[in-house]
Structures are given as C-alpha cells and as structure tokens.
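Q: I should like to learn how to read the local features of a protein model. Could we work through them one at a time?

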Amino acid sequence: MADKSILVLGAGIGGVVAAQALRKRLGRNHRIVVIDRKTKFEFAPSFLWLMMRWRTRSQVSRSLISLDGKGIAFVNGSVSKIDPANRLVIVDGEDYHYDYLIISLGADLAPEKIPGLAESAHHVYQADNAEKFGAAIQSFNECTLAFVVTSTPFKCPAAPYEATLLVDFLVRKRGVREKVDLHFFTVEPQPMPVAGPVVGGMIKQMLSERGIEYHPNQKLASVYLPSKELVFESGERAKFDLLFMVPPHRSPNVVTESGLADGAGWITVDGRTLRTKYDDVYAIGDVTAIKLPSGMMLPKAGVFAERQAHVVASNLASEITGDAEIQRWDGRGSCFIETGYGKAGYASGDFFAEPKPMVNPRRPGRIWHWTKVLFERYWLWRHF
Ligand SMILES: Cc1cc2nc3c(=O)[nH]c(=O)nc-3n(C[C@H](O)[C@H](O)[C@H](O)COP(=O)(O)OP(=O)(O)OC[C@H]3O[C@@H](n4cnc5c(N)ncnc54)[C@H](O)[C@@H]3O)c2cc1C
C-alpha cells in the first residue's frame, strides 16, 4: 500500500474530527495535514454562554498547534486556491499536493450584503462578537431590542432563538424586563422550518410565553441608521435601540472559485458519502449543500459536520487500506435549545426520513442543559 497524503482544509468541528478519526485508522506512513487561517479552535456551540458570561474565551478555545502532538501536521495559513483537477491546494503562495482532500471550510459571514447592517448590529457568530454583545446586554435599561434573521442558510437554526430567550432571562434577572421590548424578525415562515411544525410551534410558544413579539416572513432590506430603523422588503419599518443579527452567510471565496460549488457557492456532495464530483475530494459540514428528500436543505450544524467527518474518515481509511467496508451517513442529528433558568430543550431526528424529516422534540428541562454542559466538556477533552 503506497503512502498517501491527505489534506484537510479547515480546523473547525468537521476538520478536527475528520483528521483525528483518520489518524486513528491509518498508519503513520500516511501523512495527514490540516490547514487553517486561525491558530485557535473555538467551540462555537459555547458562544451563547460566552455572551452570557458563563464562559471565558480561554474555556472554549484550544490551540490547534497541539494537533502536531497527535501525529497530524497543522499548517497555519490561508487557503487561496483549490485545484481539484491537478490535486493541488495553494496556501499563502505555497503548493500542497494531495492524494485525498477533505474540505471543511465552513461558512463566512457577509453582513455587508445588507446596507447599514454591519455598522449597527451585534451577533454571536464569532467569539469576540459574542463577548461584545454580552457587554452590551449587561448595561442597557430602557430599550427596544430587535433580533433579526436576515437570510438563509445560517449556522445552527436554533441559535438566534436561544440568544433571544437567554437575553430575556438576563433582563428579567436584572429586574428591567418591563422596560425592555423584545422583537424577533425572521425571513423564515416559522422557527426551524426543516424540523417541522411541532418544533416550530414549541419555539413560538416559548417566545410568546416570555412576551417576545415574533414577526415571521420579514426580509430585511436595509437598516436606516439616522433613525435606527429596520426597513423590510414588505415596506414595514421597525425602530430599535439595540440590534442583534443573524448575518447573511456565504461560502468562502476559495470554494466558490474551485469549480466544486453550486450556483449559490456551496459544495454539492452525495449526502450519504460526502463525495464531490471528484472521487478523491470530499466536503463536509457547513460548506456543503445537501438536499433532503423533503426538498429542503440540510441545516448547517456542528453535529452534522462531526458525523459526516466520521463517515468520510472511515471510508477513506477503507479505500487506502483496501478494506471493503463502506459507511453511509444516516442523516441523523440533534440539538439543544438553551432557554435560561438553567434549562434547555432538546430535539433529535432523522433528516433523511421520507417524505420529510422526523424530529422528536423534548420540553425544556434541567437535564438537557446539563447534558449540553457535559457534551461541551467531553468534546473539548476528547479532541484536544
Ligand atoms: C453561536 C453558535 C452556536 C452554535 N451552536 C451549535 C450547537 O449547539 N450544535 C451544533 O451542532 N452546531 C452549533 N453551531 C454550528 C456549528 O458551530 C457549525 O455548524 C460547525 O462549526 C460547522 O463545522 P465546519 O467544520 O463545517 O466549519 P467551522 O467549524 O466553521 O470550521 C471552518 C474552519 O475553516 C477555516 N477557514 C475558512 N476559510 C479558510 C481559508 N480560506 N483558509 C484557511 N482556513 C479557512 C476557519 O478558520 C474555520 O476554522 C453553532 C454555531 C454558532 C455560531
């Protein structure tokens, strides 16, 4: 068996899991290289706790350099070209050749797509932004706070609802809730549409019980800065004092230009094997576009990136070692929905189920919050 070189682009959830799962399965004669523009891994599912000041930055981040000690070569650099026809990747001007490529470059944020948004809105999609929003919500008293889901797709369908419920919890604890108006605007027809009407209905009920006004089917056109107003495509306008956004997401430019992407920029893969149109190139996680039997797209979430990473690692190792066993991803996933008061909801399901995903929601309870805490600790311990 000839020695192989496997490149993993991106050391987020999918990339870290794929590289480590491969390392476990392959002998050290095969080289595994992981490339990322950052030197630190940050566990995004904990960013909402960062916002609440229940975590510090160092508690949710780990050095990627430590991968070297696990037999994985870590390269800190920016991928500027992916050339699948020539099995070549360029990183900071340097050529990297591969036998197999796994792309896990995630999704980039593009708030600049909506005029006025970048200048006016907070978000929790990066650790430093989560900290900044966390500081902003500690200090206001009388205020209209608007949460806006600007476009789809976006990472973690539950995250904006969790952010809203947690902010509501915080302002109640601070004793200023009666002076604060909370509004949730979304381009979607219901919360988490892919999870179905029961899950959506549960979330709407939670918002309503907390006195949070929910405005579906509202597409943000711009933010008018002089009067701090949201301007929607419907023509409706809404004033705010503090603004939280789910920014538009886009595929990294290097992916859009690779020839692997669909019209929207995401990589089309076989949903079961995560293989692209090139036999030696796989893509996993947020950078992919996977159409479900229901016609909807698979949401972007770490749980999917992780499970896909295991399938790809297993199948690549089988191919390299001549093992006949081939795994197929089952489309299953789950998520927690933090609600404050030490509680979280939980939903799990089969997203490949026909004719539509089968998702089983559980009511908020302390058990799910503590399960998420244990999951976070286990995940960071297991991988770093
Ligand atoms: C607030 C928040 C809460 C969330 N909560 C949950 C949750 O509870 N459960 C869940 O399942 N998911 C959750 N998610 C979503 C989850 O974090 C993502 O879906 C997951 O990280 C996707 O993994 P990935 O490997 O595809 O991409 P990422 O983890 O985003 O990794 C992509 C990596 O690629 C690197 N990169 C990008 N472009 C380049 C380039 N050109 N050169 C070099 N490196 C590059 C980036 O630096 C990054 O490290 C949450 C996300 C957020 C923001």
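Q: In which loop does aspartate 92 lie?
A: In this predicted model, aspartate 92 lies in the loop that runs between β7 (88-91) and β8 (94-97).

Q: What is the phi value of aspartate 92?
A: The sign of phi and the residue type are read together. Here phi of aspartate 92 is near 45 degrees, which is a positive value in a residue other than glycine.

Q: Which residues does the cis peptide bond with omega of about 0 degrees join?
A: One reads omega for the bond and then locates the residues in the chain. Threonine 152 and proline 153 are joined by a cis peptide bond, with omega at about 0 degrees. Proline 153 belongs to the loop between β12 (143-149) and α5 (159-173).

Q: Where is proline 355 placed, and what is the peptide bond from glutamate 354 to this proline, cis or trans?
A: Proline 355 is found in the loop between β24 (343-350) and β25 (358-365). The bond that leads to proline 355 from glutamate 354 is cis, and its omega is near 0 degrees.

Q: How is a pocket identified, and what is the volume of the second largest pocket?
A: Rolling a probe the size of a water molecule over the atoms shows where empty space is left. In this model, the second largest pocket has a volume of about 390 Å³.

Q: How many residues line the second largest pocket, and which lie nearest its centre?
A: Its lining consists of 19 residues, and those nearest the centre are Thr152, Pro153, Met297, Leu298 and Pro299. Thr152 and Pro153 are also the two residues of a cis peptide bond. By class, the lining of this pocket comprises 14 nonpolar, 2 polar and 3 charged residues.

Q: Why does the second largest pocket lie between domain 1 and domain 2?
A: The reasoning rests on the source of the lining residues. Domain 1 (5-107 + 251-328) and domain 2 (109-249) both contribute to the lining, so the pocket lies between them.

Q: At what angle do helix α1 and helix α8 pack?
A: For a helix pair, one reads the angle, the distance between axes and the handedness. Helix α1 (residues 13-25) packs against helix α8 (residues 302-321) at about 30 degrees, and their axes are 8 Å apart. Angles under 35 degrees count as roughly parallel, so α1 is roughly parallel to α8. The crossing in which α1 passes α8 is right-handed.

Q: How do α1 and helix α9 pack?
A: The angle between α1 and helix α9 (residues 366-383) is about 50 degrees, with the axes 11 Å apart. The two helices α1 and α9 are therefore oblique to each other. Here α1 passes α9 in a left-handed crossing.

How values were computed:
Residues are numbered from 1 along each chain as its sequence is written. This is a predicted model: local features need pLDDT of at least 70, side-chain atom pairs count only at pLDDT 80 or more; totals for chains, interfaces and linings use all residues. Side-chain values use heavy atoms; hydrogens and water are left out. On a 1 Å grid over the protein atoms alone, a cavity is a set of points where a 1.4 Å probe fits but cannot get out, and a pocket is an open set with protein on both sides within 12 Å along at least five of seven lines; lining residues have an atom within 4 Å of a point. Grid points are joined across faces, edges and corners, and a volume is the space filled by probe spheres set on the points. Ala, Val, Leu, Ile, Met, Phe, Trp, Tyr, Cys and Pro count as nonpolar, Asp, Glu, Lys and Arg as charged, and the others, Gly among them, as polar. Domain bounds come from an automatic or database domain assignment. Axes are lines fitted to C-alpha atoms, for helices over the stretch in contact, and angles run from 0 to 180 degrees between N-to-C directions. Helices (H or I, at least four residues) and strands (E, at least two) are DSSP runs, numbered from the N terminus. Angles under 35 degrees count as roughly parallel, over 145 as roughly antiparallel, 65 to 115 as roughly perpendicular and the rest as oblique. A crossing is left-handed if the near helix is turned anticlockwise from the far one by less than a right angle, and right-handed if clockwise.
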